[in-house]
Amino acid sequence: MKLVCAPMATVSHEAFRRSVEQFGGCDEYFTEMINAPSLVSGGPFESFYLLNSTAPQKIVWQLTGSGSETLAQAAEIIVPKGGAGIDINMGCCAPQIFRTGAGIAWMLRPVSQAKAAVQAVRDILNRHESQTGIHLRLSIKCRLGGEDFSEESLFAFADAVAEGGAELISLHPRTQKEKYRGIPRYEFAEKLAVHFSGALPVYVNGCIHDAESARAVLNAVPHADGLMIARAAAERPWIFSVLKNALSFPGQERPFTVDRQQVALSFIDGVEQFQPPEFHRTRIQRFFSYYCGQFQFAHYFQSRMLNFKSVEESRREVRDYFARQPNERFLAV
């Protein structure tokens, strides 16, 4: 059973991976979405999306785009970077992504188009393997589909991308408009995993935030090959160590202590080191919008971390919070 860090826009970057890896990390890190047209055209910030000094063999590069040719061209740029593989996002329902014809828009097209896109990227990976002997996995991240989806339409899409060369599917079992509302329909993840009978692994994503919820999802999707965790990892970068303990050593968990002030300060340092100055503010804000949620005075702490004037001030706000609440600094896990 793999524990996987989900792709999160403006979060799943090199600084964040460092924060997770210091606690032992996870099995795979999906990057934030890399815009294929921007990568191909040499956008000014694209090199920062391709940083991989932290756990390079665990990285799954996630591409988004609306055209098969551009996705293939982007894959050709990425393959020399190595990693575990490339993922095509066919599930993001953010309006700015959907309107471009990317993300979940792929699931609303004829399945032949999704298959063609997968084949185009598969061809690049196959050529790379023939030249280097290095195999990179090709995966798809998707949702259930639109509001009128059916089990048949989901399976038709999954079969099409599998025929195109996908080797793994990560399913967030909600529809386009459900976004993050309501309980994920885990039964469809289980049906999909059974449908492929192990020939194509299935990761399940959605509402996994602690050991109890992880066990509940595994009970609902016993044939899942991996648990994919998003926002809970941003709130508590040590969650994968917690889950490894709970799932591997039930009743014999190995306790450890987290210095939550140091985690916060180290993340800010990482943003300065691995992100362009233009991204410093937004990346820090986004991370702390999640991270602050675990504290007693979450709203106060979050407000301070969303309104800082400089990176150095963000550090002062962190230190100030824990000076006021010293009992919250160290967490016994």
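**Exercise 1. The largest pocket**

By class, how many nonpolar, polar and charged residues does the lining of the largest pocket have?

*Solution.*
- Step 1: By class, the lining has 19 nonpolar, 11 polar and eight charged residues. The model is a predicted one, and such totals for linings use all residues.
- Step 2: Put a volume to the pocket. The space in the largest pocket is about 870 Å³.
- Step 3: Find the centre. The lining consists of 38 residues, and those closest to the centre of the pocket are Pro7, Met8, Ala9, Cys92 and Tyr180.
- Step 4: Map the lining onto elements. Two or more residues each come from β4 (59-64), α5 (95-98), β6 (137-142), β9 (226-229), α10 (231-235) and α13 (277-291).
- Step 5: Look for the largest share. Helix α13 gives it, with three residues.

**Exercise 2. The largest cavity**

State which residues line the largest cavity, and sort them by class.

*Solution.*
- Step 1: Count first. The model has one cavity of 30 Å³ or more.
- Step 2: Take the volume. For the largest cavity it is about 40 Å³.
- Step 3: List the lining. Ser12, His13, Glu14, Arg17, Thr31, Glu32, Phe48, Tyr49 and Leu51 line the largest cavity.
- Step 4: Assign elements. Helices α1 (14-21) and α3 (46-49) give two or more residues to this lining.
- Step 5: Sort by class. The lining divides into three nonpolar, three polar and three charged residues.

**Exercise 3. The buried side of α4**

Which residues of helix α4 (residues 68-78) are buried, and why do they lie on the same side of α4?

*Solution.*
- Step 1: Apply the cut-off. Buried means under 20% relative accessible area.
- Step 2: List the residues. In α4 the buried ones are Leu71, Ala72, Ala74, Ala75 and Ile78.
- Step 3: Check the arc. These residues cover only 160 degrees around the axis, so they are on the same side of α4.
- Step 4: Recall the helix geometry. An α-helix has 3.6 residues a turn, so residues three or four places apart point the same way.
- Step 5: Find the partners. The buried residues of α4 pack against β3 (34-35), α2 (36-40), β4, β5 (85-90) and α6 (111-132).

**Exercise 4. Helix α8 and the residue after it**

Identify what the buried residues of α8 pack against. Then give the sign of phi for the residue that follows α8.

*Solution.*
- Step 1: List the buried residues. In α8 (residues 186-196) they are Tyr186, Phe188, Ala189, Glu190, Leu192, Ala193 and Phe196.
- Step 2: Name the partners. These buried residues of α8 pack against α7 (151-164), β7 (168-171), β8 (202-205) and α9 (211-220).
- Step 3: Go past the end of the helix. Ser197 follows α8, and its phi is positive, near 50 degrees.

**Exercise 5. Gln275**

Is Gln275 buried or exposed? What does its side chain make a polar contact with?

*Solution.*
- Step 1: Place the residue. Gln275 sits in the loop between α12 (260-274) and α13.
- Step 2: Read the accessibility. Gln275 has a relative accessible area of 4%, so it is buried.
- Step 3: Find the polar partner. The side chains of Gln275 and Arg283 make a polar contact at 3.2 Å.
- Step 4: Add the other contacts. Leaving out residues up to four places away in sequence, Gln275 touches His13, Phe48, Gly270, His280 and Arg283.

**Exercise 6. From the β8-α9 loop into α9**

Work out the accessibility of Cys207, Ile208 and Ala214, then trace the contacts of Ile208 and Ala214.

*Solution.*
- Step 1: Start in the loop. Cys207 lies between β8 and α9, as does Ile208.
- Step 2: Check the backbone of Cys207. Its phi is positive, about 60 degrees, although Cys207 is not a glycine.
- Step 3: Read the accessibilities. Cys207 is at 34% and counts as partly exposed. Ile208 is at 5% and buried. Ala214, in helix α9, is at 0% and buried.
- Step 4: Trace Ile208. Beyond four places in sequence, Ile208 is in contact with Ser213, Ala214, Val217, Leu227, Met228, Ile229 and Ala232.
- Step 5: Trace Ala214. By the same exclusion, Ala214 is in contact with Ile208, Leu227 and Leu243.

How values were computed. Residues numbered from 1 in each chain as written. Predicted model: local features only at pLDDT ≥ 70, side-chain atom pairs only at ≥ 80, totals over all residues. Heavy atoms only, no water. 1 Å grid on protein atoms, 1.4 Å probe; cavity = no way out; pocket = protein on both sides within 12 Å on 5 of 7 lines; lining within 4 Å. Points joined across faces, edges and corners; volume = space filled by probe spheres on them. Helix = DSSP H or I, 4+ residues; strand = E, 2+ residues; numbered from the N terminus. Nonpolar A, V, L, I, M, F, W, Y, C, P; charged D, E, K, R; others polar. Buried < 20%, exposed > 50% of the residue type's maximum accessible area, 1.4 Å probe, protein only. Arc of directions from axis to C-beta. Contact = heavy atoms within 4.5 Å. Polar contact = N/O pair within 3.5 Å; in protein donor to acceptor, adjacent residues only side chain to side chain.
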